[in-house]
Amino acid sequence: MKITNVEVLYLRLPAIKSQADSGQDAVVVRIDTDAGISGIGEVDSNPMAVKGTIEGPYSHKITTGLREVLIGQDPFETERLWYRMYDANVYAGRSGVAIHAMSGIDMALWDIKGKYLKMPVWKLLGGGFHKRIRCYASSLFGATPLATGDLARRYRDQGFTAVKFGWDPMGQNETNDIALVREARNGLGDDADLMIDAGLVWDAKTALQRARAFDDFHIFWLEEPLRPDDYEGYRKLSEGTHVRIAAGEEESNRLGYLNLMDRGKIDVVQVDLTRCGGFTEGMKIASLAWDRGLPVANHGFTTYINVAAALHWLNSIPNALICEFVAEEETTLREELTHQRFRAKDGYLEVPEEPGLGVDLNEEAVRKYRVA
Ligand SMILES: [Mg+2]
């Protein structure tokens, strides 16, 4: 089997709100083969930069569009192709956008392999740890502490036993920060897990003060309180509190994760398969975390392609902690983009059993929303 084409589909709602979830647009990679099998993957990054990284022309040996180095290759050789792509952009792309682009490609290659062999990706990865995976409802904070409490109650009523709130208005002042977490806990009750995603708002000492204050409300983890490159700050914070510190969604490739784990001493390793280098790299990151005794969770705030990928991956590693899941059914691309939709039941998501990723593009939605 040979790769015959690699294409980036950029889909976008006609009007984008500043507070929409990340389903307001989507970048999908589609790879075709001479066997008539096509695979899809997703990238959560700067859309047109991804398109240029993949569809751009050959410039020279170590700067080239990734499509150029994939055409004619065997899609089964995911490990070799990962390094072929890495070498093809060795100074422009060892982290960031090029690794993001490679993530969508790698995901699509695994989708092709699964469809060809009629097996789900998790089986090809050697997985099978779970039939279903516990998930948490992932949400932005309400506009006020009381509104956050109402949201928490709603997620509990939907059957979730774990809920995360994140970003604005966290970080405005100490009183409001603490009230947001207090009301989230009030809404949730005492018998559910509460995660707090600070959204990159503090320095290490402020984060340490908040971690201590939030401890009164038994939070399960405190996520991304610092700017991503402040590995020393992460170390000070992690060593100064017994609250679990979670991070990783801003990283691409395993070296960034080594920094977070070994320098930053984080407790929960968060991996977005649409950014980290795909399944091929995601498996290695999970393994490095396992060696350090650390649990991992996915990061995912985009479409059901990412949700499916996360479930295959979490089902293939020994240290899967929980699955991030956006439970809000907003009017975004997500509900239309794929034929399959995921719904949590009693706070769990079923692992897909269909070949490949187990999700297919709805071509009608592609026609409707494609802008590039
Ligand atoms: Mg986050």
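These are short exchanges on the strands of a predicted model.

Trainee: How do you know that strands β2 and β3 pair?

Mentor: Pairing takes at least two bridges. Six bridges join β2 (residues 25-33) to β3, and the two run antiparallel. So the pair meets the criterion of at least two bridges. R30 stands opposite I40 in β3.

Trainee: What makes β1 and β3 edge strands?

Mentor: The open sheet has three strands in the order β1-β2-β3, with antiparallel pairing. β1 (3-12) and β3 (38-43) each pair on one side only. On average, neighbouring strands of this sheet are turned by 20 degrees against each other, direction ignored.

Trainee: Why is strand β8 called largely enclosed?

Mentor: A residue counts as buried if 20 or more other C-beta atoms lie within 10 Å of its own. In β8 (residues 193-197), four of the five residues are buried, so the rest of the structure largely encloses this strand.

Trainee: How do you know that β8 pairs with β7 and with β9?

Mentor: Apply the cut-off of at least two bridges again. Five bridges join β7 (residues 162-166) to β8. Three join β8 to β9 (residues 221-223). Both counts satisfy the cut-off, so both are pairs. β7 and β8 run parallel, and so do β8 and β9.

Trainee: Which residues stand opposite I196 of β8?

Mentor: F165 stands opposite I196, and L222 in β9 does too.

Trainee: What makes the right-handed β-α-β units here?

Mentor: β7, helix α7 (residues 174-188) and β8 make one. β8, helix α8 (residues 204-214) and β9 make another. Right-handed means a clockwise path over the helix, with the strands pointing away from the viewer.

Technical notes
Residues are numbered from 1 along each chain as its sequence is written. This is a predicted model: local features need pLDDT of at least 70, side-chain atom pairs count only at pLDDT 80 or more; totals for chains, interfaces and linings use all residues. Axes are lines fitted to C-alpha atoms, for helices over the stretch in contact, and angles run from 0 to 180 degrees between N-to-C directions. A residue is buried if 20 or more other C-beta atoms lie within 10 Å of its own, exposed if 12 or fewer, and partly exposed in between; C-beta atoms are placed from the backbone.
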